[in-house]
Amino acid sequence: MYDLARTLRDAPRSITGTGVRATLSSISDHLPLRVHEVPSGTPVLDWTVPPEWNVKEAWLAAPDGTRVADWSRNPLHLMGYSTPIRARVDLKDLAPHLYSLPDRPTLIPYRTSYYVRTWGFCLSDEVRRTLPDGEYEVCVDATLDDAGSLSYGEVFFPGSVDEQVLISTHVCHPVMANDNLSGIVVATALGGWICQQPRHWSYRILFVPGTIGSITWLARNRQASAGIRAGLVLTGLGDRAGFTYKRSRRGASWTDRVMEHVLSEAGEETRIVDFSPYGYDERQYCSPGFDLPIGRLTRSSHGEYAEYHTSGDDLDFITPYQLEGSLSVLRRVVEIFETDRRYVNTHPFGEPNLGRRGLYRQVGGAVDQRSVELGYLWMLSQSDGDHSLLDVARRSGLAYDALRSASLALVEAGLLTDVGSAAR
Amino acid sequence: MYDLARTLRDAPRSITGTGVRATLSSISDHLPLRVHEVPSGTPVLDWTVPPEWNVKEAWLAAPDGTRVADWSRNPLHLMGYSTPIRARVDLKDLAPHLYSLPDRPTLIPYRTSYYVRTWGFCLSDEVRRTLPDGEYEVCVDATLDDAGSLSYGEVFFPGSVDEQVLISTHVCHPVMANDNLSGIVVATALGGWICQQPRHWSYRILFVPGTIGSITWLARNRQASAGIRAGLVLTGLGDRAGFTYKRSRRGASWTDRVMEHVLSEAGEETRIVDFSPYGYDERQYCSPGFDLPIGRLTRSSHGEYAEYHTSGDDLDFITPYQLEGSLSVLRRVVEIFETDRRYVNTHPFGEPNLGRRGLYRQVGGAVDQRSVELGYLWMLSQSDGDHSLLDVARRSGLAYDALRSASLALVEAGLLTDVGSAAR
Amino acid sequence: MYDLARTLRDAPRSITGTGVRATLSSISDHLPLRVHEVPSGTPVLDWTVPPEWNVKEAWLAAPDGTRVADWSRNPLHLMGYSTPIRARVDLKDLAPHLYSLPDRPTLIPYRTSYYVRTWGFCLSDEVRRTLPDGEYEVCVDATLDDAGSLSYGEVFFPGSVDEQVLISTHVCHPVMANDNLSGIVVATALGGWICQQPRHWSYRILFVPGTIGSITWLARNRQASAGIRAGLVLTGLGDRAGFTYKRSRRGASWTDRVMEHVLSEAGEETRIVDFSPYGYDERQYCSPGFDLPIGRLTRSSHGEYAEYHTSGDDLDFITPYQLEGSLSVLRRVVEIFETDRRYVNTHPFGEPNLGRRGLYRQVGGAVDQRSVELGYLWMLSQSDGDHSLLDVARRSGLAYDALRSASLALVEAGLLTDVGSAAR
């Protein structure tokens with residue numbers, strides 16, 4: 001994953017353009033990605049697909065000719081969606097077009113202006129404070145093409161049912177590692193793993209530009225969205241903090257319950273936060289008309305670290321170890337999505353005779369309660385077709401996997417009938 | 001308010017009689033009060049309006065002629081509803097008719113005997129303990145008139161709907177300041193303010209003798225009572241303690257939720273207590289047949305302070321500052337009663353494009369979440385026609401007023417539709 | 001009770017056989033017990049009544065002829081349901097048939113093998129460790145009779161309704177005092193007391209072999225079981241610990257609420273634990289097909305004390321004082337089962353005039369709230385036909401008995417109507 005992040009770093013991503021396409025193309029080396037191109041001007045829900053933006057070169061030269069900002073050196077130097085300009089501008093007139101962070105003077109900020117036509121340059125405050133008076137040369141050689149398109153990638157792994165789990169990550173942030181290379185590479189690796197698993201659910205993984213990308217997908221897939229039974233928005237999965245799970249708008253959806261369970265056994269510090277309508281693409285998936293059971297998994301959350309949306313969020317800010325830990329949690333999530341099923345006890349009157357079926361100790365009287373027997377008893381007690389493995393795990397305090405083994409043995413013995421997934 | 005309290009102090013209030021009438025008359029100088037006279041003997045629910053009680057003079061003279069208790073000096077000296085008597089009584093026979101407070105020896109207690117015919121005098125224990133043996137002269141020149149009536153006052157401010165907010169305060173306690181002059185003057189001032197406001201709800205303010213007055217009003221207004229959507233019993237609003245709100249019997253009525261919100265932002269120590277069927281007129285309004293959404297606001301609660309129901313509850317016990325603070329809270333309560341509305345998001349699929357409507361920042365990427373934008377997002381996310389502004393304030397942690405501004409802007413932009421008050 | 005425990009101690013109980021019969025016969029001296037005999041081989045739910053097991057003699061002799069284990073000395077020496085054998089066995093071949101407790105070397109463990117045919121001896125680890133090598137003589141002169149039967153006892157005290165309270169205790173453990181003589185003697189004493197009380201409910205007390213006995217009763221009484229409105233499994237009621245109540249599977253059944261109330265006022269340390277499907281016969285009564293409102297009362301719970309299921313659980317381990325305390329709690333439970341009723345306020349509009357009915361203080365104004373008046377007010381406020389005395393006690397914080405007195409006085413005054421038991 002870390003290698004892929006290194007490969008993807010330099011594609012100059014934005015919400016449209018060649019950078020996204022290059023990114024999707026690299027992902028295609030690992031996943032059977034279908035890339036969609038949606039023409040600029042297409043109405044999508046309450047929005048319109050913007051013109052495609054591409055940059056040839058962009059720089060800002062001081063009176064002595066030094067390039068104090070240069071897109072080719074670091075795409076962050078140029079505000080996203082800057083309009084073309086070639087001009088000589090006095091420093092004081094330049095001021096409203098310059099962005100820096102006085103509280104973090106060594107970092108270059110990340111700024112965009114997708115829907116208001118303007119241009120701008122981002123610099124470290126260190127550099128900005130030393131800019132001499134005089135006339136600067138401004139060059140933004142960029143195109144905003146109304147005949148262009150918005151690109152997004154989609155992978156679909158069919159399962160034994162049409163209902164789906166949706167995984168979504170954004171692909172529009174240039175350079176930065178935690179936000180958002182980490183999400184891209186973890187989603188890619190997760191897809192590679194899912195691909196090799198037997199599947200109850202179908203899985204759909206989306207690589208979309210933030211906001212406009214998820215809106216575009218939702219606009220084009222209203223019907224498919226109705227089949228989504230669980231899902232996650234992934235991003236910020238590479239930094240050194242523990243996990244933060246943000247609940248879906250529903251607040252007690254199956255996704256939420258599975259995530260809380262998995263994180264409780266993850267062995268890392270974790271934090272569960274309630275839904276709020278600010279953040280990443282969960283804003284769109286959880287908008288009240290769709291109200292999908294989709295939460296968000298990150299480590300640090302947006303805006304919580306000094307490096308957020310700056311040049312400080314570089315490859316050193318994320319680690320292979322954290323990426324691996326994130327993937328590991330997600331594999332476990334998928335495992336529970338697949339196996340959290342509901343059962344019905346076929347012998348509900350009295351305890352069935354487990355000993356006769358070889359499922360119970362032969363000598364009575366001893367104190368120790370073997371957890372495998374407890375698992376049988378709990379599953380028999382709670383399997384009313386409504387409570388799932390996860391519910392029984394929560395109520396009994398027994399391990400999910402122990403209950404899963406118990407339930408499979410009980411199905412084998414004809415004492416439980418599987419009546420479907422926990423998600424209906 | 002404090003001046004009005006001073007004016008009202010000396011009217012010798014009881015549950016009937018000239019003292020109540022004089023009190024209502026003074027209130028009429030400030031509010032368009034309608035005074036009702038209900039004849040003695042009228043059946044009201046399970047009760048009967050009692051004979052009207054008026055006192056000409058009443059005193060108790062020691063063997064040496066000193067008047068150790070005198071109604072004209074302080075109405076508390078005479079037990080309320082004392083029957084007429086003119087007699088010479090030996091001290092030991094007098095004892096069952098004397099009331100004092102050994103644990104608070106300087107204070108004269110307040111006692112009544114509305115429904116059992118007897119007479120009595122109330123003295124400070126200091127005085128009582130020094131009474132010499134011998135024969136005392138007892139004079140109660142009072143009338144209990146079966147042809148009299150019970151008086152209560154009612155103000156009605158029509159709003160744009162017939163449904164009402166009810167404010168009720170009792171007007172039967174003689175002399176005492178916190179219980180109950182404070183309630184009378186705050187209700188009067190609140191009425192004066194409501195009168196000048198545009199109103200969604202109609203408002204009804206009742207000035208009634210305790211228990212029998214509210215019972216009488218309920219008996220005569222069964223139909224009107226069905227239109228009550230919120231309400232408060234007011235009393236004890238002048239002492240130096242923080243607020244106590246006692247919930248309605250329903251326990252989670254809109255009144256209860258509004259009061260809890262307002263008190264949480266009041267900047268004074270506050271206490272929320274559950275409903276209990278003992279107290280003031282909320283006993284009647286919340287009786288199970290009516291079960292109105294009416295709570296009670298006080299500062300100290302009945303029986304919690306040494307001066308309660310004694311001569312110690314005088315004008316020094318209450319302060320203009322506390323009265324003003326109480327009025328201020330009640331104005332805020334009315335403001336929320338008026339504005340706590342429910343909305344429906346007209347663009348529930350995905351986020352509507354707020355930037356296009358001038359409702360969102362133009363430059364993206366910065367960390368700070370402007371609270372006005374958060375207000376838009378929360379209102380759009382939660383406006384399902386069911387959750388009101390107050391619900392969104394509670395869930396989001398945003399200020400009520402910020403959400404109110406946000407919702408008005410969103411209605412203006414056509415993104416929300418107002419579907420009615422939080423109270424239905 | 002302690003005397004009865006002493007009497008019952010030596011009957012060699014198991015799940016069938018003469019020991020159980022002798023035990024039931026002793027109980028018959030105190031209660032009108034009906035003893036049922038169910039033939040071996042009878043199918044009961046998912047089980048089959050086992051052959052009847054009886055022992056003539058059983059011992060294990062060391063090479064020098066010393067009897068190191070002897071059933072006639074202590075029935076615990078022989079594993080329950082041991083098959084007949086007469087043989088000479090080398091110590092090393094004997095090992096799999098010997099049971100001891102290395103962590104509690106002085107105690108003889110209790111072991112059974114009801115459903116797998118084998119034999120075994122139980123010894124203190126002290127003795128076992130000193131067994132010399134050599135050939136041992138093994139004698140189990142026992143019968144497993146397919147033409148035998150399973151015995152259980154049943155007492156039925158009819159009440160004014162057919163619906164029942166079920167009390168169940170097991171009668172299959174040999175020798176041991178807390179588990180299970182204490183349950184037997186407390187249930188017997190409770191039955192003797194119930195017999196003398198006027199009864200709303202019918203009461204059924206079962207003395208059954210563990211597991212197979214309750215399964216047998218349920219199999220033969222499916223219809224009767226549907227009329228059970230409350231119940232308890234009793235055992236472990238004689239040791240020096242406080243009470244443990246284990247909730248029914250439903251978790252908030254009337255039994256659960258009554259037990260939590262009674263234990264909260266019992267003046268002993270108490271512990272309430274959630275249902276789990278492991279334990280005593282509540283496993284059967286609360287199996288999901290029956291799901292009866294039956295909890296379990298013990299002091300220490302199974303497996304929580306070192307003496308559990310060993311020779312250490314002898315008559316010194318239980319005390320007359322603890323048995324009496326347990327009985328006292330159970331009498332109170334029955335009292336609340338009998339009296340926890342629901343009422344309807346016949347005068348719900350406003351407070352009824354209690355003073356006129358002699359139910360309220362005559363002189364008003366004093367601070368003290370007499371609890372009897374509070375009782376009237378609370379009952380009138382909450383009596384909607386749904387909330388019972390216990391509910392009102394919980395909400396008001398008033399004593400159950402005070403509310404019971406208040407409700408009887410209000411019924412007398414025509415202000416409340418009794419509409420039935422809390423359990424429906």
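## Working through the chain contacts

In this model, the contact between chain C and chain A draws on 27 residues from chain C and 26 residues from chain A. Keep in mind that the model is predicted. Here are some exercises to try on it.

**Exercise 1.** Work out how much area chain C and chain A bury between them, and which three residues of chain C supply the most.

*Solution.* Start with the total: chain C and chain A bury about 2,400 Å² between them. Next, split it by atom type, and 52% of that area turns out to be on carbon and sulfur atoms. Then look at single residues on the chain C side. C:Asp46, C:Pro277 and C:Tyr278 supply 28% of the area that chain C buries against chain A, more than any other three residues there.

**Exercise 2.** Find the charged and polar pairings between chain C and chain A.

*Solution.* Count salt bridges to begin with: there are three across this interface. One to pull up on screen is between the side chains of A:Glu351 and C:Arg283, at 2.5 Å from N to O. Now go on to polar contacts, where twelve residue pairs turn up, both partners at pLDDT 80 or more. Finally, sort the chain C side by class: you get 13 nonpolar, nine polar and five charged residues.

**Exercise 3.** Do the bookkeeping for chain A against chain B.

*Solution.* Here 27 residues come from chain A and 27 residues from chain B. The buried area is about 2,400 Å², with carbon and sulfur atoms giving 52%. On the chain A side, A:Asp46, A:Pro277 and A:Tyr278 lose the most area to chain B, together 28% of what that side buries. The salt bridge count is three, and A:Asp46 takes part in a salt bridge too, its side chain meeting that of B:Arg357 at 2.7 Å, N to O.

**Exercise 4.** Work out how chain C is related to chain A.

*Solution.* Superpose the two: a rotation of 120° with 0.0 Å of shift along its axis puts chain C on chain A, with an RMSD of 0.1 Å. The two copies are therefore related as by a three-fold rotation axis. In chain C, the C-alpha nearest that axis belongs to C:Ala252, 13 Å away from it.

**Exercise 5.** Decide whether C:Arg332 is buried or exposed, and find its partners.

*Solution.* First place C:Arg332: it sits in helix 10 (residues 320–339) of chain C. Its relative accessibility is 14%, so C:Arg332 counts as buried, the cut-off being under 20%. Leaving aside neighbours within four places in sequence, C:Arg332 contacts C:Val262, C:Glu265, C:Tyr400 and C:Asp401. With C:Glu265, the side chains make a polar contact of 2.6 Å.

Conventions: Residues numbered from 1 in each chain as written. Chains lettered and ligands numbered in written order. Predicted model: local features only at pLDDT ≥ 70, side-chain atom pairs only at ≥ 80, totals over all residues. Heavy atoms only, no water. Contact = heavy atoms within 4.5 Å. Buried area = accessible area lost by both parts, 1.4 Å probe. Salt bridge = Lys/Arg side-chain N within 4 Å of Asp/Glu carboxyl O. Polar contact = N/O pair within 3.5 Å; in protein donor to acceptor, adjacent residues only side chain to side chain. Nonpolar A, V, L, I, M, F, W, Y, C, P; charged D, E, K, R; others polar. Least-squares fit on C-alpha atoms with pLDDT ≥ 70 in both. Helix = DSSP H or I, 4+ residues; strand = E, 2+ residues; numbered from the N terminus. Buried < 20%, exposed > 50% of the residue type's maximum accessible area, 1.4 Å probe, protein only.
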